[in-house]
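Welcome! Take a moment to look at the sequence and turn the model around on your screen. We will then walk through it together, one piece at a time.

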Amino acid sequence: MIESAEVKDRIREYVLEEFAKTKGINQITDQEVLTKNGIIDSMGIFRLVAFLEETFNVRIGDEEITHDNLESVDAIERLVIAKAKK
């Protein structure tokens, strides 16, 4: 069983290291809208999905790659937890 806090921490760490810091952003909130704020662009979404699938051993279908599912650390965590339960 995946621990929710661990999932959120790993997602936040990945987003910070791979996207935010390259744009000069040193911290993000779990509710921050990542695409709207320019932290993750369309190419970054695919890198994020690959990270999620590899790290948490889940499969994210094309139809699940939506703004609602990937807009924030909180939303991404909910998606991963839901996928891990299947």
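Two residues are said to be in contact when they have heavy atoms within 4.5 Å of each other. Keep in mind as we go that this is a predicted model. With that idea of contact, let us start at I11. Leaving aside neighbours within four places in sequence, I11 is in contact with F51, L52, F56, V73, I76, E77 and V80. Try finding these partners on your screen.

Now let us place I11 in its surroundings. I11 is among the buried residues of helix α1, together with V7, K8, Y14, V15, L16, F19 and A20. Buried here means a relative accessible area under 20%. What do the buried residues of α1 pack against? They pack against α2 and α4. There is a handy idea for looking at any helix: an α-helix has 3.6 residues a turn, so residues three or four places apart point the same way.

The largest nonpolar core of the model has 25 residues. Which of them touch the most other members? They are I11, V15, L48 and L52. Three elements, α1, α2 and α4, give two or more residues each to this core. The biggest share comes from α1, which gives seven residues.

Next, let us see how the helices meet. Two packed helices are described by the angle between their axes and the distance between the axes. Begin with α1 and α2: their axes come within 11 Å and cross at roughly 145 degrees. The crossing of α1 and α2 is right-handed. On the α1 side, the residues that meet α2 are V7, R10, I11, Y14, V15, E18 and F19. Facing them from α2 are G44, R47, L48, F51, L52, T55 and F56. Sorted by class, the residues of this contact are nine nonpolar, two polar and three charged.

Helix α1 also meets α4. Here α1 covers residues 4-20 and α4 covers residues 73-84, and their axes come within 9 Å and cross at roughly 130 degrees. What word describes how these two helices lie to each other? Angles over 115 degrees that do not exceed 145 fall in the oblique class, and α1 and α4 are therefore oblique to each other. Their crossing is right-handed. The contact is made by S4, V7, K8, I11 and R12 of α1, with V73, D74, I76, E77, V80 and I81 on the α4 side. These residues divide into six nonpolar, one polar and four charged.

One of the residues in that contact, D74, deserves a visit of its own. D74 is found in helix α4. Is D74 buried or exposed? With a relative accessibility of 14%, D74 counts as buried, because the cut-off for buried is under 20%. Not counting residues up to four places away in sequence, D74 touches K8, D30 and Q31.

Follow that last partner, Q31, into the loop between α1 and α2. Q31 counts as exposed, at 55% relative accessibility, since exposed means over 50%. Beyond its neighbours within four places in sequence, Q31 is in contact with S72 and D74. Q31 and L79 are 48 residues apart in sequence, and their C-alpha atoms are 14 Å apart in space.

Stay with α4 a little longer to find A84. At 34% relative accessibility, A84 counts as partly exposed. A84 touches I2 and V58, not counting residues up to four places away in sequence. A84 and R59 are 25 residues apart in sequence and 8.8 Å apart in space, C-alpha to C-alpha.

Our last stops lie after α2. N57 sits in the loop between α2 (42-56) and α3 (67-70). N57 is exposed, with a relative accessible area of 72%. The backbone of N57 is worth a look too: its phi is near 55 degrees, a positive value in a residue other than glycine. Most residues other than glycine have a negative phi. In helix α3 you will find D68, which counts as exposed at 57% relative accessibility. From C-alpha to C-alpha, D68 and L52 are 16 Å apart in space, and they are 16 residues apart in sequence.

Definitions and conventions
Residues are numbered from 1 along each chain as its sequence is written. This is a predicted model: local features need pLDDT of at least 70, side-chain atom pairs count only at pLDDT 80 or more; totals for chains, interfaces and linings use all residues. Side-chain values use heavy atoms; hydrogens and water are left out. Helices (H or I, at least four residues) and strands (E, at least two) are DSSP runs, numbered from the N terminus. Buried means under 20% relative accessible area, exposed over 50%, partly exposed in between (1.4 Å probe, protein chains only). Axes are lines fitted to C-alpha atoms, for helices over the stretch in contact, and angles run from 0 to 180 degrees between N-to-C directions. Angles under 35 degrees count as roughly parallel, over 145 as roughly antiparallel, 65 to 115 as roughly perpendicular and the rest as oblique. A crossing is left-handed if the near helix is turned anticlockwise from the far one by less than a right angle, and right-handed if clockwise. Ala, Val, Leu, Ile, Met, Phe, Trp, Tyr, Cys and Pro count as nonpolar, Asp, Glu, Lys and Arg as charged, and the others, Gly among them, as polar. A nonpolar core is a set of buried Ala, Val, Leu, Ile, Met, Phe, Trp, Tyr and Cys residues joined through side-chain atoms within 4.5 Å.
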